[in-house]
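Hi everyone, thanks for coming. I'd like to walk you through one structure today, a few residues at a time. Have a look at it first, and then we'll start.

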Amino acid sequence: KYHKTNEIDRSERATTENVMDPRTRMILYKLVNSGMLREVNGCVSTGKEANVYYAVRGDGSDAAVKVYKTSILVFKDREQYVAGEFRFQRYCKSNPRKMVRTWAEKEARNLGRLANVGIRAPRVVILRQHVLVMEFIGVDGWPAPRLKEVKFPSTTSMDRCYLELCVTVRIMFQSCKLVHGDLSEYNLLFHEGHLVVIDVSQSVEHEHPQAIAFLRRDIVNVNAFFRGRGHQHLFTLQDLYSFITVVDDGDLLRPLSTREQLTEYLVAMREEREQAGVYGPVDIEQAKIDEQVFMRIEVPRSLECISDMKAPNAEVRGFVEGLLAVPEAKDPEPSEVAPAKPKRIVADAESGSEDDDDEEGEE
Ligand code: ADP
Ligand code: MG
C-alpha cells in the first residue's frame, strides 16, 4: 500500500536533516581548516537533489558550494542517465553515498569539459566526495538570474540569447560530446550579457543510448521557453536538431566552427527559410503539437530503416539525414568493460578512505 504521508515525511526529513549531515559538515570544516574556504554561509538554492551555498574562498573570492543529497528517494529516477554510461560503470545503486559522489564527480567532469571548449560554465575549484566547490556566477554574493527571470529589453536581445543558446548546444554536442539532458530556463544563468550553463551532473555522452531522446527534449525546452516569451522567429525543431548534430554542411558548419560562424549559419538559414515561406508566424497550438510529435518520433538507426519509408519529401529527408549524422550508439558489453575507476578532477586527499563505508546503508 502506498503511504503518502510517510513518503512526505521521509523527503521532508531529507531536506531538513540530511543536507548538513555530519559527513558534509566535516568536509566543509576541513575545507575551511585547510584555508581553501574562509566561510560558508547563505543558502543560494535548496533543490530536490542538491543544495547550493555561497562561500568565500581563502583568497577572498566567492564560490558556490553544491552539496548533493544522500536521499535514496531522489536518486531513484536518475538511474536512466547512468544506465549505459560507459564512464560510470562503477555506479552503485545500493549505496546512496557512493551514488551521490558519482553525481558530484560527473558534474565536475562535465563542467571541466564545457570550460575546456570555452563554453561559459562555472569553473571547478575542488571536489570532495559529494561536495563540489565551484566558481560563483553572480555579483557581490548575489547569484546571477536564471534565464527564467531575465527580462529582455528588446526582441533583438532576446534573439541574441536564443541564437547563443542554439550555438552552445551544438558546441556542447560536437566538441564536448555531451547532451545536457536537463536543459531549461532553470539551468541557464544570465551573467554579463551571456548565458552560463549549469547543472550538468545528469549530462550524458552523445553515444549514450538515450542521448538523442534527451537532446530532443532539450531542444523542445529551448524552443518552448522562447515561444512562451513571444519569440516570432524560432527555428523548427527539425532544423535545430540538424544544426546541432550535422557536421560539414558547407564551410560554416564544421566540427570546429567558431561561435561567429555558427551564428552566421543560423541567421542565413533562417533568412532563407523565411523567404521560402517555410517559416511562418508562430501558431502556438500547432507548435505544441509539433513539440510532442518531435519528442516521440522514432529515430532510425540505420539506412535500412529509412528505405521502409515511402518517398520522404525533402524536408523529412533532411531531418532523417540529420538523425543519421549522429554516430551510432556503441553499447559496450557490460562484461567486457573493466570496472575502471574514473579519474578524479582534483586529487582527493581522502581517496584512501573512499570505500570505507561501502557496506553501510544510509537509512
Ligand atoms: P539543482 O540540481 O538543485 O537544480 P543547480 O546546479 O541547478 O542544482 O543549482 C540550483 C541553483 O543554484 C541554480 O538555479 C542557481 O540559481 C544556483 N547556482 C548553482 N550553481 C551556481 C553557481 N556556480 N553560481 C551561482 N549560482 C549557482
Ligand atoms: Mg537545476
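**A walk from Asn-187 outwards**

Okay, let's start with Asn-187, which is buried, with a relative accessible area of 7%. Before I go on, please keep in mind that this is a predicted model. Buried here means under 20% relative accessible area, so at 7% Asn-187 makes the cut.

Where does Asn-187 sit along the chain? You'll find it in the loop between β8 (178-179) and β9. Its side chain has a polar atom 2.9 Å from the backbone oxygen of Asp-182. The side chain of Asn-187 also has an N or O atom 3.0 Å from an oxygen atom of ligand 1.

That brings us to the ligand. How much of ligand 1 does the protein cover? On its own, ligand 1 has 540 Å² of accessible area, and the protein covers 90% of that. If you want to find the secondary structure around ligand 1, look at β1 (37-46), β2 (50-57), β3 (62-68) and β5 (131-135), the elements that each give two or more residues to the shell.

Now, who's in that shell? There are 19 residues around ligand 1, and the closest are Lys-66, Glu-135, Ile-137, Asn-187 and Asp-199. Sorted by type, the shell has 12 nonpolar residues, three polar and four charged. Two of those closest residues deserve a zoom. Lys-66 puts a polar side-chain atom 2.7 Å from an oxygen atom of ligand 1. Asp-199 has an N or O atom in its side chain that is 2.8 Å from an oxygen atom of ligand 1.

Let's go back to the loop for a second. Glu-185 is also in the loop between β8 and β9. Is Glu-185 buried or exposed? Its relative accessible area is 17%, so Glu-185 counts as buried. Its C-alpha atom is 7.7 Å from that of Val-222, although the two residues are 37 apart along the chain.

Next, some backbone. Most residues other than glycine have a negative phi. Here are two with a positive value. Asp-140 has a phi near 50°, and you'll see it in the loop between β6 (138-139) and β7 (142-143). Glu-192 also has a phi near 50°, and its place is the loop between β9 (188-191) and β10 (194-197). Are they buried or exposed? Asp-140 is exposed, at 68% relative accessible area, and Glu-192 is exposed too, at 69%.

Last stop: the rings. How many aromatic pairs does the structure hold? Eight. Let's take Phe-243 and Tyr-265: their ring centres are 5.9 Å apart and their planes are at 20°, so this pair is stacked. The cut-off for stacked is under 30 degrees, by the way. The pair links distant parts of the chain, with Phe-243 in helix α8 (residues 237-245) and Tyr-265 in helix α9 (residues 259-275), 22 residues apart. Phe-243 is buried at 1% relative accessibility, and Tyr-265 is buried at 16%.

Phe-243 has another neighbour to show you: Arg-170 lies over the face of its ring, 5.8 Å from the ring centre. And there's a cluster as well, where ring pairs link Phe-152, Tyr-162, Phe-190, Phe-225, Phe-226 and Phe-235. Try colouring those six when you open the model.

That's my tour. Thanks for listening!

Notes:
Residues are numbered from 1 along each chain as its sequence is written. Chains are lettered from A and ligands numbered from 1 in the order in which they are written. This is a predicted model: local features need pLDDT of at least 70, side-chain atom pairs count only at pLDDT 80 or more; totals for chains, interfaces and linings use all residues. Side-chain values use heavy atoms; hydrogens and water are left out. Rings of Phe, Tyr and Trp (its six-membered ring) pair if their centres lie within 6.5 Å; planes under 30 degrees apart count as stacked, over 60 as edge-to-face and the rest as tilted. Helices (H or I, at least four residues) and strands (E, at least two) are DSSP runs, numbered from the N terminus. Buried means under 20% relative accessible area, exposed over 50%, partly exposed in between (1.4 Å probe, protein chains only). A charge sits over a ring if NZ of Lys or CZ of Arg is within 6 Å of the ring centre and within 35 degrees of the ring normal. A residue is near a molecule or strand if one of its heavy atoms lies within 4 Å of it. A polar contact is a pair of N or O atoms within 3.5 Å; within protein, one must be able to donate a hydrogen and the other to accept it, and residues adjacent in sequence count only if both atoms are side-chain atoms. Accessible areas come from the Shrake-Rupley method with a 1.4 Å probe; for residues, only the protein chains shown count as cover. Ala, Val, Leu, Ile, Met, Phe, Trp, Tyr, Cys and Pro count as nonpolar, Asp, Glu, Lys and Arg as charged, and the others, Gly among them, as polar.
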